[in-house]
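Hi,

Here is the structure I said I would pass on. Have a look at it first, and my notes come straight after.

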Amino acid sequence: MIALTLAEVAAAVGGTLDGADPATPVTGPVEVDSRKVRPGGLFAAFVGEHVDGHDYAERAVAAGAVAVLASRPVGVPAVLVDSVVDALGKLARAVVARAEGTAVVALTGSAGKTSTKDLIAQLLQRHGETVYPPGSLNNEIGHPMTALRVEEGTRHLVMEMGARHKGDIEYLTTITPPRIGLVLNVGTAHVGEFGSQEAIAEAKGELVEALPAEGTAILNADDPLVRAMAARTKAKVVYFGESREADVRAQDVRLDSTGRPSFTLTTPTGSAAVQLRLYGEHHVSNALAAAAVAVELGMSVDDTAEALSEAGALSRWRMEVVDRADGVTVVNDAYNANPDSMRAALRALVSMGGRGPERRRTWAVLGEMRELGEESLAEHDAIGRLAVRLDVTKLVAVGGREAACMELGARNEGSWGEESVLVSDADAAVELLRSQLRPGDVVLVKASRSVGLEKVAEALLADGAA
C-alpha cells in the first residue's frame, strides 16, 4: 500500500483516532485476517457471521499492525468508524487517488470475468507492475482489499466487478474510477436476483457510465445487450468479438485434439497468430477482450499474441485440467456455474473427447446452477438436453430437484435414458465414477460454488495419485 500516516487514514475514512499516534505511518498491507498481519500494516476488524474481528485486535497489533480499523474501541491503537466496510472503500479510494500513474482497468460480465481478468493481468505484467485480485475478489470487501495493494510504482490495476443488485458496480467504480471499462457479456447468471437479462444489462452498464470522456469502453460486438451499451458512455468505444465489425477480432478459429483453440488475432494495427493454452472455444472471446485492453494500453499485436499464447489459468477450479497416471482426464470447473458457462464447459468437454475411432468417453458430472429464479427448472432441463445433443457419453446429475430436472431433460432428449443418471450427492457421484471410469475417459465436474462439487474432482485426482 502507498504509505499513509494514521492521521491521513482517519481523514480519508472520516474516522477518529483512539489511542493512536497520528504521525505513525502505515507501511504494510491492510488485512482482514489477524493471522496474515505483517509489521507496519493495518488490521480491518469485520464482524462476520461466526467471527468478530474486533476480538482479534490485540493479536493483530501484537503481530505488528500499527492500528486497527474498527467500529468500537478495542483496547489498542485504532481508527474508529461507523462502518468498517464503508471505511475500507474510502481508504482504497484515497490510495488509488495517489497512484496518479496507474491505469485502472475494470471488467464485468455474466461469465468469464475471472478467466479474462487473469489473461489481462498476464498480458499487462509484461509492461509494468500490475495489481489484480486473486480468484474472484470482486465485491465490496475484496475489491478495496485489492486496490489497497497499489504502490507508487504500480502501472496497472485490473479490477473484476461483480453485481447482485443494481448500484453494486456503480459503487465499486467510485472506489477505483476506471480508465478502461470492459463488458464481456450479459447472460442469465443472477437472473433470480435481477428478474431479467435486461435488468442485468442495466446493472452491468453502470461500468461504462462511470468512464471519463478520455477513457475507453471495450464492448462485446457479438452480444447485442453489450453492444447497445455504447449509447450509455461518453468514452471512446472499442468492439471485440468474431463479428466483422469488431475492432479486435478472431479469424480462422480452430481447436486442437485437446480442445485448445487457436486463431488469428486481428487488430487495427495488424494481425498475429495465437495458440491458447486454455481449454474450450469460449476462451477465444475472453482472449479477444484481453487483447483489446492490451492494445489500447499500447502493447503491439505481436507482443499481445505472444503473451496470450503463453498465458495459463491462474485461478483454481476453472477448467482446471489434470491427467491421471491411468489416462483419465479430470476437468475441474466447479468454482461456479450458470447456463452460459455450463454450455461452454460442455462444448469444451466434447472437444476434448475428440471424434472418430479414437474418441474418448466423456462424463459430465453436473450439479445445480443457483440464483436462476423462475427459469431454474427450464434452464436445468435445457442443459440436460444439450448434453445429449452434444453426444456426451454420460451425464451424472448430482443433487435434488434441479439435478433431477436436468437428468429428466437428458432422458427425454435421448433414447432409453442410457446417457444419464441421477445421484444424490458428491459421495454418490464419486462411488459411481470409481466403478465405471476407464483409462482415457474425460470427466467434467461443474456446479454453482455453494454446491461443493469440487469434492468429486479432488477425490478422483486423489485416486489417481494413489
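Below is what I found, sheet by sheet and helix by helix.

Some housekeeping: this is a predicted model, where local features need pLDDT of at least 70 and side-chain atom pairs count only at pLDDT 80 or more, while totals for chains, interfaces and linings use all residues. Residues are numbered from 1 along each chain as its sequence is written, and side-chain values use heavy atoms, with hydrogens and water left out.

A word on names: helices (H or I, at least four residues) and strands (E, at least two) are DSSP runs numbered from the N terminus. Strands pair if DSSP finds at least two bridges between them. Contact means heavy atoms within 4.5 Å.

**The 5-strand sheet**

This open sheet has 5 strands in the order 2-7-6-5-4, with mixed pairing. Its edge strands are strand 2 (16–18) and strand 4 (30–31), and each pairs on one side only. Strand 4 runs parallel to strand 5 (residues 42–44), the two being joined by 2 bridges, and Glu 31 has Phe 43 in strand 5 as its bridge partner. Helix 3 packs on the sheet as well, touching strand 4, strand 5 and strand 6, with its direction at about 120° to that of strand 6. Helix 1 lies across strand 2, strand 5, strand 6 (67–70) and strand 7 (78–80), at about 20° to strand 7. For these angles, axes are lines fitted to C-alpha atoms (for helices over the stretch in contact), and values run from 0 to 180 degrees between N-to-C directions.

From the records, an unreviewed UniProt entry has the annotation "domain: Mur ligase N-terminal catalytic" over residues 30–77. UniProt positions are given in the numbering used here, feature names are shortened, and annotations may be inferred rather than shown by experiment. In the model, that span is 12% helix and 19% strand, and its end C-alpha atoms lie 15 Å apart.

**Helix 3 and its partners**

The axes of helix 1 (residues 6–13) and helix 3 (residues 84–98) come within 8 Å and cross at roughly 115°. That makes the two roughly perpendicular (angles under 35 degrees count as roughly parallel, over 145 as roughly antiparallel, 65 to 115 as roughly perpendicular and the rest as oblique). Glu 8, Val 9, Ala 12 and Val 13 from helix 1 meet Ala 87, Lys 90, Leu 91, Ala 94 and Arg 98 from helix 3. By class, this contact has 6 nonpolar, no polar and 3 charged residues (Ala, Val, Leu, Ile, Met, Phe, Trp, Tyr, Cys and Pro count as nonpolar, Asp, Glu, Lys and Arg as charged, and the others, Gly among them, as polar).

Helix 3 also packs with helix 6 (residues 168–175) at about 45°, their axes 8 Å apart, and the pair is therefore oblique. The contact of helix 3 with helix 6 has 5 nonpolar, 2 polar and 2 charged residues.

**The 6-strand sheet**

Further along, 6 strands make an open sheet in the order 17-18-22-19-20-21, again with mixed pairing. Strand 17 (320–323) and strand 21 (420–423) each have a single partner strand, so one side of each has no neighbour in the sheet. Strand 17 pairs with strand 18 (residues 329–332) in the antiparallel sense over 4 bridges, and Val 322 is bridged to Val 330 in strand 18.

Helix 13 and helix 14 (residues 376–389) pack at about 10°, with axes 11 Å apart, which makes them roughly parallel.

Cheers
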